[in-house]
Every structure is written in structure tokens, then in C-alpha cells.
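User: I have a structure to go through at the bench. Please take my questions in turn and keep the answers short.

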Amino acid sequence: MGSRKVSKIVGGAVQYDGAGVKLVRVIGKADVHDFDPFLMLDAFDSQDPADYVKGFPWHPHRGIETVTYLIHGDIEHGDSLGNQGSILDGCCQWMTAGRGIIHQEMPQAVDRILGAQLWINLPRKDKMTEPAYRDITDDMIPEVTDGKSTVRIISGRYREKVGPVQGDYVKTLYLDVRIDPEGTWHMSVDPEATLFCYLVSGSGRFDASDSVIPSHRAVLLVDGDEVTIVAGKEGLRFLFISGRPLREPIAWGGPIVMNTREELHQAFKDLDEGNFIR
Ligand code: MN
């Protein structure tokens, strides 16, 4: 089939969410068709705690998974399942909202917060599944180094190593990839899967064209069973995210993503009536 090509580059827009957290919504509602099964990617990169310390106080989710990965930072969290703790440097929180969870996410002041929250849609048959929460600590994430690149496996399998989760509902390959300056990274990919990369730092070329893509962009790569990525002069770090599309209708209301308007109305009715958590 050959190498995937860049079909879309999105830089997103600065947004304020939660109690006033400044973030960049790289992927959002307008991109859902192209990025299915991924709904949203919020990127955090700030050296000013005023941007984020107001945090995301108690709020509900239903019908999705939220995956928060921090390269640097400290996010305190708590949820209606009784979980409580902190996401720290190199750690990931994989939260399955399923039929309903209420949680809070409160970033603490640090030198630099650097990371992202990904929303993965749940298949129709699993929207109302049991809520679950996985605390993936830094030491649980395997690393593969081959001289020019270092790859951390947050989810899925890469070469001989397997990450701490695979994606119970949407099989997800989630890698944190670093390539040395002007190094080349090559990988075989599932031709059926949606695949995008979010550039955390540096720059790189993502297909045979000569265009160099700068950091803080998400790059959608289509059509093909392999990728070849070449880092720029300063090297490249990116999040590699891939999974097969669901191709199901989406009814999206803030933190709740269902398939129909009726299900969405039911969710807000459940919230009003105190039946959301069951
Ligand atoms: Mn949340």
C-alpha cells in the first residue's frame, strides 16, 4: 500500500475550559469526521501557573474515555468511584466514563506543564459500560530505544514490547516518540486505522513532500500501511495516536458524548435528577 500522506494539519485554538484553564483545543468538534474514533485533543504547554491552576472542578462525563498524559506536570484528581491521586511526570490516567463518572482535575503549579488530554469515543454498545479508572505510572510505560529514536508505549504494542493498556473498547496505539535531529523513524501501521501525530516539540516531515511541520500541530496521516517521519534540525517529539474508526452517529453535549439526541437529553435529565451515577 505504501506510505501514508498528510491530509490535514490542525493547530487548534486557544480556549478556556473548566474554571478558566487556558489550553489549546487542537482537535475538536469540527474534526470529528476525519479523526474518528478520537473526539478531542487538548494540549497543555505553559510556564505560567495562572493559565491552569483554576483547574477543572467537579464535572460529569458519559460515553467516552479520557486519556491524560503528562510529560511534565502534576494534576491532582478525584472521582465518584473514590479514586484519588496525582498524575505526575511521565504518567497517564486512562479513565473510562462509560455510563457516568463525576471527577475533578486540578493542575498544580509547576515550572512547566506539558501534556495532553485525548478523548476517545466509546462504541454504541459500550457507551453505558461500567466506569473504570487506570492510573498508569511512569515505570509502567515501556520504552524502546534504537539509537536514533526513543519510543514510550502508553497503549498498544510497538516492536517487541506491549504497553500497560491496549484499549478495552477502542484498540488504541498511543506512543510518545522522540527522534534525534535529522533522524528517520519508520513504522508499519494498520491500514484501517485513523492515525494522527501531535507535535510536542521540534519539527519534522511526515510524508514524501518536503514540507516541514512545526510543533503544536496535529497531523492526520491517511492511506497506507507505513509511515516515515524525519525529524528537523532540532529533533522532534510527538504523540502518535491510532485506532480504527467507529463510524457511528455522534450527539455531543459538552462533557457527554452519546449517539442520539434522546440519549443526550436522558444524560442531562439524569444529572438534574441525581441519577447520573448508578
Ligand atoms: Mn474531565
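User: Which residue in β21 does T194 stand opposite?

Analyst: This is a predicted model, where local features need pLDDT of at least 70, side-chain atom pairs count only at pLDDT 80 or more, and totals for chains, interfaces and linings use all residues. Residues are numbered from 1 along each chain as its sequence is written, and side-chain values use heavy atoms, with hydrogens and water left out. Helices (H or I, at least four residues) and strands (E, at least two) are DSSP runs, numbered from the N terminus. Strand β19 (residues 194–205) runs antiparallel to β21, joined by ten bridges; two strands pair if DSSP finds at least two bridges between them. In β21, T194 stands opposite G243.

User: How many bridges join strand β17 to β21?

Analyst: Strand β17 covers residues 173–179 and runs antiparallel to β21. One facing pair sets L173 opposite S242 in β21. The number of bridges joining β17 to β21 is seven.

User: Which residue of β21 stands opposite M187?

Analyst: Strand β18 (residues 184–188) pairs with β21 in the antiparallel sense, over five bridges. Opposite M187 in β21 is V227.

User: How many of the 18 residues of β21 are buried?

Analyst: Buried means under 20% relative accessible area, exposed over 50%, and partly exposed in between (1.4 Å probe, protein chains only). Strand β21 spans residues 226–243 and is mostly covered. Its buried count is 14.

User: Which residues coordinate the manganese ion?

Analyst: Donors are N, O and S atoms within 2.8 Å of the metal (3.2 Å for Na, K and Ca); water is not among the atoms, so sites may look incomplete. In sequence the donor residues are spaced H-x1-H-x41-H-x1-E. The coordinating atoms lie at 2.1 to 2.3 Å and belong to H59 (NE2), H61 (NE2), H103 (NE2) and E105 (OE).

User: How many residues apart are H59 and H103?

Analyst: H59 is in strand β5 (residues 56–61) and H103 is in strand β10 (residues 101–107). H59 is buried at a relative accessible area of 17%. H103 is buried too, at 2%. The pair links distant parts of the chain, with a separation of 44 residues.

User: How far is the sulfur of C91 from that of C92?

Analyst: A disulfide is a pair of cysteine sulfur atoms within 2.5 Å. The structure holds zero disulfides. C91 is in none, and its nearest cysteine sulfur, that of C92, is at 8.7 Å.

User: What is the relative accessible area of C92?

Analyst: C91 counts as buried, at 8% relative accessibility. C92 is buried as well, and its relative accessible area is 0%.

User: Why are L264, A267 and D270 placed on the same side of α2?

Analyst: In α2 (residues 261–273), L264, A267 and D270 are buried. On the other side, E262, H265 and D272 are exposed. The arc is that of the directions from the helix axis to the C-beta atoms. The buried residues share a side because they cover an arc of only 120°.

User: Which strands are included in what covers the buried residues of α2?

Analyst: Contact means heavy atoms within 4.5 Å. The cover of the buried residues of α2 includes β22 (251–253) and β23 (256–258).

User: Which residues does T150 touch, not counting residues up to four places away in sequence?

Analyst: T150 is found in strand β14 (residues 149–155). Its relative accessible area is 16%, so T150 is buried. Beyond those sequence neighbours, T150 touches E143, V144, T145, D176, V177 and R178.
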